[in-house]
Amino acid sequence: MASLARHRLSPADTGPALRALRAWTPPDAPAGSLHPGDVGWLLRLDDATVYLWTDARAEVRAEVRASSDAAKAAPVAVGFLDGPVLRVTAAPDADLGALAADAEDLLVPGNDATDGLPVPGWEPDTEEPWLVFSWTPGPVSSRAVQVTGPDAADRVLVHRAAFAGSTFSVDHWRRMKGSPAGHLAVETLVRTPAGDPAAAATGWFGGTGRCGLLEPVGTHPDHRGHGYGRDAVRGACAALVDRGASAVAVLTPAGNEAAAALYRSAGFALVRENHDWTRPGRV
């Protein structure tokens, strides 16, 4: 079993984790839990913590040789705690058994689910899978405009209205845009004919020839049913493709029928279901 070293990264130090995730992002909808955009959205928080796993034996060799960047250990996995869920994406050749064993320190009671990391003795959650949708580039017509600094307050207003209990703020938006992942973000805003902010979408670039990600997407409750959310989604997809994305993925819980209908109306197709792994006997 591989010997792993786990590094706790502050928001300013997440560059290596983001580069690893970009290298592991495929041309089509990612099968792993994390896209660079998931970390990018997390970095709106000033206390965000990202974990980077590397091969401990390679690190020892690097310390002995200590003369070349080429001697540094390659990343093995990236993850973070999303509430009670440990979300992880590993390198294609990673030892998942060793990764799960090391992650036990993070999976204390209360952290009872993982996304992307099978834990021995745990069970797939079959009650509410995540639906994975993919959008293939094509002609786009949209009322969406790119979000810039002067639009930040309206972009935040839409998000807070769309997601009850959200604490998203302009400071969060600025922190996200100024983070190591900020250059990967594309954001769109759609307004009503009267100029009121109606819908917004944030897209994340995974690299040229790699799949982009939507996270998050929201429509103001006062303006639903008029196609504003669809336009925000299509605008973000078009912006990602303009940068070189090969496709765009989005995930939503299976129970969120309204979100699934939105993505289908925007041209997305369901490609698979993802299941979290849960601790046996979890309440």
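A polar contact here is a pair of N or O atoms within 3.5 Å; inside a protein, one of the two must be able to donate a hydrogen and the other to accept it. With that in hand, take D102 in this predicted model: its side chain makes such a contact with the side chain of W53, at 2.6 Å.

**Around D102 and W53**

D102 belongs to helix α4, residues 96-103. Is D102 buried or exposed? Since buried means under 20% relative accessible area, D102 counts as buried because its value is 17%. Setting aside sequence neighbours within four places, D102 is in contact with L4, R6 and W53. W53 turns up again in the largest nonpolar core, a set of 47 residues in which W53 and V78 touch the most other members. Helix α1, running over residues 15-24, gives the most to this core, with five residues.

V78 has quite a list of partners. Not counting residues up to four places away in sequence, V78 touches A17, A20, L21 and W24, along with L34, V50, Y51, L52, W53, R87, V88 and T89. Several names from α1 come back when you ask what is buried in that helix: G15, A17, L18, A20, L21 and W24. What lies over those buried residues? The cover includes β1 (4-9), α2 (36-42), β2, β3 and β4. As a general reminder, an α-helix has 3.6 residues a turn, so residues three or four places apart point the same way.

There is also a second, separate core of 27 residues, and F133, Y228, A232 and A266 are among them.

**The sheet that starts with β1**

One open sheet has seven strands in the order β1-β2-β3-β4-β5-β14-β6, with mixed pairing. Its edges are β1 and β6 (123-124), each of which pairs on one side only. Three of the pairings in this sheet are set out below.

| Strand pair | Sense | Bridges | Example partners |
|---|---|---|---|
| β2 (50-55) and β3 (75-82) | antiparallel | four | T54 and P75 |
| β3 and β4 (85-90) | antiparallel | six | A77 and A90 |
| β4 and β5 (113-115) | parallel | three | L86 and T114 |

β3 and β4 also form a hairpin, with two residues between them. One of the turn residues, G83, has a positive phi of about 65°. For context, most residues other than glycine have a negative phi.

**The other seven-strand sheet**

Another open sheet of seven strands, again with mixed pairing, has the order β8-β9-β10-β11-β12-β7-β13. Which strands sit at its edges? They are β8 (145-146) and β13 (269-274), each pairing on one side only. β7, made of residues 130-135, runs antiparallel to β13, and five bridges join the two. In one of the pairs, S134 has A269 of β13 as its bridge partner.

β11, which covers residues 211-219, holds P216. The peptide bond between E215 and P216 is cis, with omega at about 0°. That is worth a look in the viewer, given that most peptide bonds are trans.

**G229 in α7**

Helix α7 spans residues 228-243 and contains G229. G229 counts as buried because its relative accessibility is 5%, and the cut-off for buried is under 20%. Which residues does G229 touch, not counting those up to four places away in sequence? They are A199, T219 and L262. V170, for its part, lies 59 residues from G229 in sequence, and the C-alpha to C-alpha separation is 21 Å.

**A pocket by β4**

The second largest pocket has a volume of about 230 Å³. Eighteen residues line this pocket, and A31, G32, S33, T89 and A90 are the closest to its centre. Two elements, α1 and β4, give two or more residues to the lining. Which of the elements has the largest share of the lining? That is β4, with three residues.

So β4 comes up several times: β4 pairs with β3 over six bridges, pairs with β5 over three, helps cover the buried residues of α1 and contributes to the pocket lining. Two names tie these places together as well. A90 stands opposite A77 in the β3 and β4 pairing and is listed close to the pocket centre, while T89 is touched by V78 and is listed there too.

Note on methods:
Residues are numbered from 1 along each chain as its sequence is written. This is a predicted model: local features need pLDDT of at least 70, side-chain atom pairs count only at pLDDT 80 or more; totals for chains, interfaces and linings use all residues. Side-chain values use heavy atoms; hydrogens and water are left out. Two strands pair if DSSP finds at least two bridges between them. A nonpolar core is a set of buried Ala, Val, Leu, Ile, Met, Phe, Trp, Tyr and Cys residues joined through side-chain atoms within 4.5 Å. Buried means under 20% relative accessible area, exposed over 50%, partly exposed in between (1.4 Å probe, protein chains only). Contact means heavy atoms within 4.5 Å. On a 1 Å grid over the protein atoms alone, a cavity is a set of points where a 1.4 Å probe fits but cannot get out, and a pocket is an open set with protein on both sides within 12 Å along at least five of seven lines; lining residues have an atom within 4 Å of a point. Grid points are joined across faces, edges and corners, and a volume is the space filled by probe spheres set on the points.
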